[in-house]
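Welcome! Here is a short tour of one protein chain, from its overall build down to single residues. Take a look at the picture first, then read on.

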Amino acid sequence: MEHEHVRAVDPAVADALESEVDRQRSTLSMIASENHVSRAVLDAQGSALTNKYAEGYPGARYYGGCEYADEVEELAIERATELFGAEHVNVQPHSGTQANQAVYFAMLEPGDKILSLDLTHGGHLSHGHPANFTGQLYEVEQYEVDPETGYLDYDGLRDHAEEFDPDVIVSGYSAYPREVEWERIQEAADAAGALHLADIAHITGLVAAGVHSSPVGIADFVTGSTHKTIRAGRGGIVMTSEEYADDVDSAVFPGGQGGPLMHNIAGKAVGFGEALEPEFEEYAERTVANAKALGERLSEHGFSLVSGGTDNHLVLVDLRDSHPDTTGGDAEEALEDAGIVLNANTVPGETRSAFNPSGVRAGTPGLTTRGFDEDDLRTVGDCIARVIDAPGDEDVEREVREEVDALCAANPLYE
Ligand SMILES: *Cc1c(COP(=O)(O)O)cnc(C)c1O
């Protein structure tokens, strides 16, 4: 990628942009929330629509000259509707967090109650963490996964909901490796008379492809990020029924945002179009098969996986059993030095801190986009084990780096 127009006026930024492309090409991007969008999505996101103000919605804008913005937003909505089968879709949220904010703003008053999964058990900041606006505006209690199995404790959630009487129950997670049983969370919501927000940020692509069950038609609201498994460029989306459509639309704009990022909505339209192709279903299936292959290989090397394995695109390794003296941060750093980029992550029953937790989270969406198969992921599992078994060993680091270079060369990115 040349970035020739940037280079002509701003070599410093052009250098950084080029270095970033090189970094993505020459390392294994295994941060579970990341992916590599297509050149087509990149092109759409870098388009002249970044210049356009289009406050409002298609056909009802506050400014003139919106005919092509309307076309693009309508395509994004149509395609999302086809992908997810939702009655109503809003493609304007700037991110997944903004999508959640819109639902809270539409349905809750300050002081209302949210019941959500604990962050250290796989939840998300925007589900009521004290550092987030949600933790400050609303009264929040948290449910947990079963400490023995690592699976959601649906019965415990139901009891907790009946006792706490929340206004909304939030499901959908950042670090939960298992299939979510939406109906069981809906039962807890029904029993407590609460609304149900299913935040599928991580698994939007798996749900679109039918590889993970869908909460659309079960939960009252479904939100997501569009840059994770779905590969449609950075942004967010909200889906709901006709009943809440107007409330959600007004909560997105003017409730929480000004002009929509029309260039990103163009990226969403292109990415959703790609996700409607049969190849995308294959991609989603391979993403899950690759995560299983990685998890199995790590288990063979003696690592403990939270819940014992995975049903989706990520594995969560609890280092405390196999490597009690290695923190997630130590592992993250040693792996990055060897060209494997993933993140330290809290684990259920965390005994360290959020800044240097006891686990690492690894995902396969990005590698699968590059063409990695299950054999490759077994090799990656071997590499991860070698590095974590010998942190700071420069010979190991160099040999793993060579293995990473070979895998990258065999699976090129942005040619
Ligand atoms: C990633 C994520 C989000 C949204 O993140 P943004 O960076 O705001 O797009 C929301 N909820 C969950 C569960 C997530 O994992």
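The protein chain has 17 helices and 15 strands; helices (H or I, at least four residues) and strands (E, at least two) are DSSP runs, numbered from the N terminus. Please keep in mind that this is a predicted model, where local features need pLDDT of at least 70 and side-chain atom pairs count only at pLDDT 80 or more, while totals for chains, interfaces and linings use all residues. Residues are numbered from 1 along each chain as its sequence is written, and side-chain values use heavy atoms, with hydrogens and water left out.

**Overall build**

- The protein chain has 415 residues and a radius of gyration of 21 Å, which agrees with the value near 22 Å for a compact globule of that length. The radius is taken over C-alpha atoms, and the globule rule is 2.2 Å times the number of residues to the power 0.38.
- Along the principal axes, the C-alpha atoms fill a box of roughly 60 × 60 × 35 Å.
- Buried residues make up 55% of the 415 in the protein chain. Here, buried means under 20% relative accessible area, exposed means over 50%, and partly exposed is in between (1.4 Å probe, protein chains only).
- Of the contacts between residues at least 6 apart in sequence, 73% join residues at least 24 apart; a contact means heavy atoms within 4.5 Å.

**Surface and charge**

- About 17,100 Å² of the protein chain is exposed, and carbon and sulfur atoms supply 46% of that area. Accessible areas come from the Shrake-Rupley method with a 1.4 Å probe, and for residues only the protein chains shown count as cover.
- The protein chain carries 26 positive and 78 negative side chains, with the centres of the two sets 5 Å apart. Lys and Arg count as positive and Asp and Glu as negative, while His and the chain ends are not counted. Each charge is placed at NZ of Lys, CZ of Arg, CG of Asp or CD of Glu.

**Two domains**

- Domain 1 covers 43-275 and domain 2 covers 281-410, with bounds that come from an automatic or database domain assignment.
- The C-alpha centres of domain 1 and domain 2 are 28 Å apart, and their contact takes 21 residues from domain 1 and 24 residues from domain 2.

**Helix 14 and what covers it**

- Which residues are buried in helix 14? In this helix (residues 328-337), they are Gly328, Gly329, Ala331, Ala334 and Leu335.
- Their cover includes helix 13 (319-322), strand 13 (340-341), strand 14 (343-345), strand 15 (359-363) and helix 16 (374-389).
- Just after helix 14 comes Gly339, with a positive phi of about 95 degrees.

**Backbone details to look for**

- Between Phe253 and Pro254 the peptide bond is cis, with omega near 5 degrees. Pro254 belongs to helix 10 (residues 242-256).
- Asp165 is not a glycine, yet its phi is positive, at about 60 degrees. You can find Asp165 in the loop between helix 7 (154-164) and strand 7 (168-171), where it is partly exposed with a relative accessible area of 45%.
- Arg231, also a residue other than glycine, has a positive phi near 60 degrees. Its place is the loop between strand 9 (221-225) and strand 10 (236-240). Is Arg231 buried or exposed? Arg231 is buried, with a relative accessible area of 15%.

**Around strand 9**

- Gly224 sits in strand 9 and counts as buried at 1% relative accessibility. Its C-alpha is 5.3 Å from that of Ile237, 13 residues away in sequence.
- Beyond neighbours within four places in sequence, the contacts of Gly224 include Gly96, Ala99, Asp199 and Ile237.
- Thr226 lies in the loop between strand 9 and strand 10 and is buried, at 0% relative accessibility. Leaving out residues up to four places away in sequence, Thr226 touches Arg231, Lys268 and Phe272, among others.

**Distances along and across the chain**

- Ala48, in the loop between helix 3 (39-45) and strand 2 (56-57), is exposed with a relative accessible area of 58%. Ala48 and Met262 are 214 residues apart along the chain, and their C-alpha atoms are separated by 9.2 Å.
- Asp43, in helix 3, counts as exposed at 57% relative accessibility. The C-alpha atoms of Asp43 and Asp112 are separated by 42 Å, with their positions 69 residues apart along the chain.
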